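Here are my notes on this one, set out as numbered points. Have the structure open while you read.

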Amino acid sequence: MTKPSGSWPLIIDLSLRDLVHEKTLALCSVIGLAAVLAPLIILFGLKHGIIEGLRADLIDNPRSRMVVNAANRNFDEAFLARLAARPDIAFVIPRIRSLNTEARFENPARPGSVLRAELLATGPGDPLLVNQPPVTEDRVIVSASFAARLNLAPGMVLNLRALRGDASAREVLSFPVTVAGIAPASAFGRDGVFVDLRLLLLVDRFTDGALPAQATLRDITPDPARIYAGFRAHTRRLEDVIRVDHDLRRDGIEVETQSEQVESLLGLDRSLSLLFALIAGLGGLGYLISLGVGLFANIERKRRDLSLLRLIGLSRRALVAFPLLQSLVIGLSGALLASAVAIAVAGFVNRLPLASATGAAARSVCVIEEIHILLALAVTLFGAALSAIFAGVRAGRILPAEGLRDA
Amino acid sequence: MHQPQPTLLLRDVMVSHAVAGGGSGFELLIEHLALCRGEAVALVGPSGSGKSTLLDLLALARQPTKAGQFRLLTRSAEEIDLAALWLNRADDELTATRAAHFGYVLQQGGLLPFLSVRRNIALSQAVLGRPDPAHVEALAERLDIAELLDRMPGTLSVGQRQRVAIARALAHRPEILLADEPTASVHPALADLVLSLLIEQAREQDTALLLATHDPDRAARQGFEILPLVTEIGRGGGRSRLNRPAQADAP
């Protein structure tokens, strides 16, 4: 006995011809799907772009990971070594008493123009000076505002001058330094110069009166018993700031951090992620339901044609496949159209003035990656198949006798 | 004289409509029905007499409640025990039998709107995987619809659609041709033509033809043998009986 026809070429041919015959309706379904899916893809892109941008801004700004003690205190080398050894600390550099950090700089090319700047110690791996040339004993990095004020450029030579005593008995320590680079504005907001720790110690000890005006760096020898007035530390990750801040305060060390801002930004990140997940989840559910309902209605409308096919001898499986194939074609077309629309809208959104507002760098607000498109395609095809199976089971139950009766 | 074996044979087949709540139901009892190739029988009876039920049963679209004997004998002498297929709920085999051996002409043609006339006619061949374009052309020629082959059904008149439906019903050379009120929605003048084409083509293709109609006079005029369905109203509801042995056995 011959088997009932379930031959794929015939079913594919019939379902596609039906789709083409009703191309206006099929197009409406495709546009309807795209209209629901495109905003979801854009939403995904926005979530991705904004959250990642926000996060990257915080991480990019080294000052958000900075931990600085508040008042001048006494910290020994052992304490600094312990701090540096913490796994959540990326960088530690000592600070000296703030009274002694002021120096005067003179541009030899323009004698008489002297400006004051704050001296800051730095060392290899300083997160404030990423991508800057190394600081050595006579090569320094100047802050952006200081460079602008003195009209400095890399390679220029300056005279560093530290003063002590009153007007009657003034002594000057003079030290020529070369500008190695200019720090980004985010590194230090005021007039400042990043110098080698030994140079800073030389200035410190001269100002305190421990060294004569003729002293050189040779007078700064290693001393394990040396005491510092403070430190500047940077945590590895943004989240670490909160813990380091808490731990130091528990040990009675007053610190200045952006712990609160970090905490609220991390909270915002979590809330936004949840909000986006909810919107995308609800939107996605609505999308799947609209997809399923549309396909189901389609089956009901074609009930008579389907029962005729059944009467003529198409198998139950063929009848299930008929709407499934149409659903997949409509779903795929809708998802592709939605992707095209979403990518176009994302391009437009990223050209809006608000795009530059989120970050120092011109970062895109809406970032749609291939994975989002693939995800949309996968969800759509899955949803289309799922709803088509429901619709198909209904189609499969259509009795051949229905084809005999005229509606 | 050679006694033809009936193509379709039913003995003691019953279909009953149970009515929920034990109200009056309906029962169709076929004591004996034999149908041979080349015969043209018109089933007549008022609405509710069971014409549709009988047609559904013969179209293998309704399960008999009880079937003593229900079988199909094909030209190639293959015997198909339809009663057993129903008993085993062999849906695939029933579908295959329907596809291979039955043709249907419906009230309004029952053409698929998304296929051209040619593809509609060839559909019954395509389902069987036995394309025969020459036969499609020949049928179209005989039914005077050769110029319409590449049109879509939506552009045809009701009469033209019925001719296409007749061509499709015969395209795969079925054993049995079932026609359900094929003239109900055509102009009376056209109705005679549709019936005459139906009977002429069924004879030409050596197919048994069973027609359900409200119009016994017209069917008789075109050469159909009239088979009335008589309904008795009893205690349990209505009951229609049918008894038509093969013509050779008739007293």
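1. Start with a helix pair in chain A of this predicted model. Helix α6 (residues 240-250) of chain A packs against helix α7 (residues 259-301) of chain A at an angle of about 140°, and their axes lie 9 Å apart. The crossing of α6(A) past α7(A) is left-handed. On the α6(A) side, the contact uses Val241(A), Ile242(A) and Asp245(A); α7(A) brings Ser259(A), Val262(A), Glu263(A) and Leu266(A). Sorted by type, the residues of this contact of α6(A) with α7(A) come out as four nonpolar, one polar and two charged.

2. Next, a contact that involves both chains. Helix α8 (residues 303-312) of chain A and helix α3 (residues 91-101) of chain B have axes 7 Å apart and pack at an angle of about 85°. That angle is why α8(A) counts as roughly perpendicular to α3(B). From α8(A), look for Arg310(A), Leu311(A) and Ile312(A); they meet Asp91(B), Thr95(B), Arg98(B) and Ala99(B) in α3(B). The residues of the contact of α8(A) with α3(B) divide into three nonpolar, one polar and three charged.

3. Chain B has a helix pair to look at as well. The axes of helix α4 (residues 117-128) of chain B and helix α6 (residues 158-170) of chain B cross at roughly 30° and come within 6 Å. With that angle, α4(B) is roughly parallel to α6(B). The crossing of α4(B) and α6(B) is right-handed. In α4(B) the residues involved are Val117(B), Asn120(B), Ile121(B), Leu123(B) and Ser124(B), and they meet Val164(B), Ala167(B) and Arg168(B) in α6(B). By type, the contact of α4(B) with α6(B) has five nonpolar residues, two polar and one charged.

4. On to the charged pairs. How many salt bridges does the structure hold over all chains? There are 41. One I'd pull up is Arg97(A) with Asp208(A), where the closest N and O atoms are 3.0 Å apart. This pair links distant parts of the chain, 111 residues apart: Arg97(A) sits in the loop between β3 (89-95) and β4 (102-106) of chain A, while Asp208(A) belongs to helix α5 (residues 197-208) of chain A.

5. Now for the confidence scores. The model has an ipTM of 0.84 and a pTM of 0.68. For chain B the mean pLDDT is 86, with 93% of its residues at 70 or more. For chain A the mean is 84, and 95% of residues reach 70 or more.

6. Where in chain A is confidence lowest, and where is it highest? The low end is helix α11 (residues 400-404) of chain A, with a mean of 69, and the high end is strand β9 (residues 192-196) of chain A, at 93. Two stretches also deserve a flag. Residues 1-5 of chain A have pLDDT below 50, and this stretch has 20 contacts in the model beyond near neighbours in sequence. Residues 355-360 of chain A are also below 50, with eight contacts beyond near neighbours in sequence.

Technical notes. Residues numbered from 1 in each chain as written. Chains lettered and ligands numbered in written order. Predicted model: local features only at pLDDT ≥ 70, side-chain atom pairs only at ≥ 80, totals over all residues. Heavy atoms only, no water. pLDDT = per-residue confidence, 0-100. Axes fitted to C-alpha atoms, helices over the stretch in contact; angles between N-to-C directions. Helix = DSSP H or I, 4+ residues; strand = E, 2+ residues; numbered from the N terminus. Parallel < 35°, antiparallel > 145°, perpendicular 65-115°, else oblique. Left-handed = near helix turned anticlockwise from the far one by under 90°. Contact = heavy atoms within 4.5 Å. Nonpolar A, V, L, I, M, F, W, Y, C, P; charged D, E, K, R; others polar. Salt bridge = Lys/Arg side-chain N within 4 Å of Asp/Glu carboxyl O.
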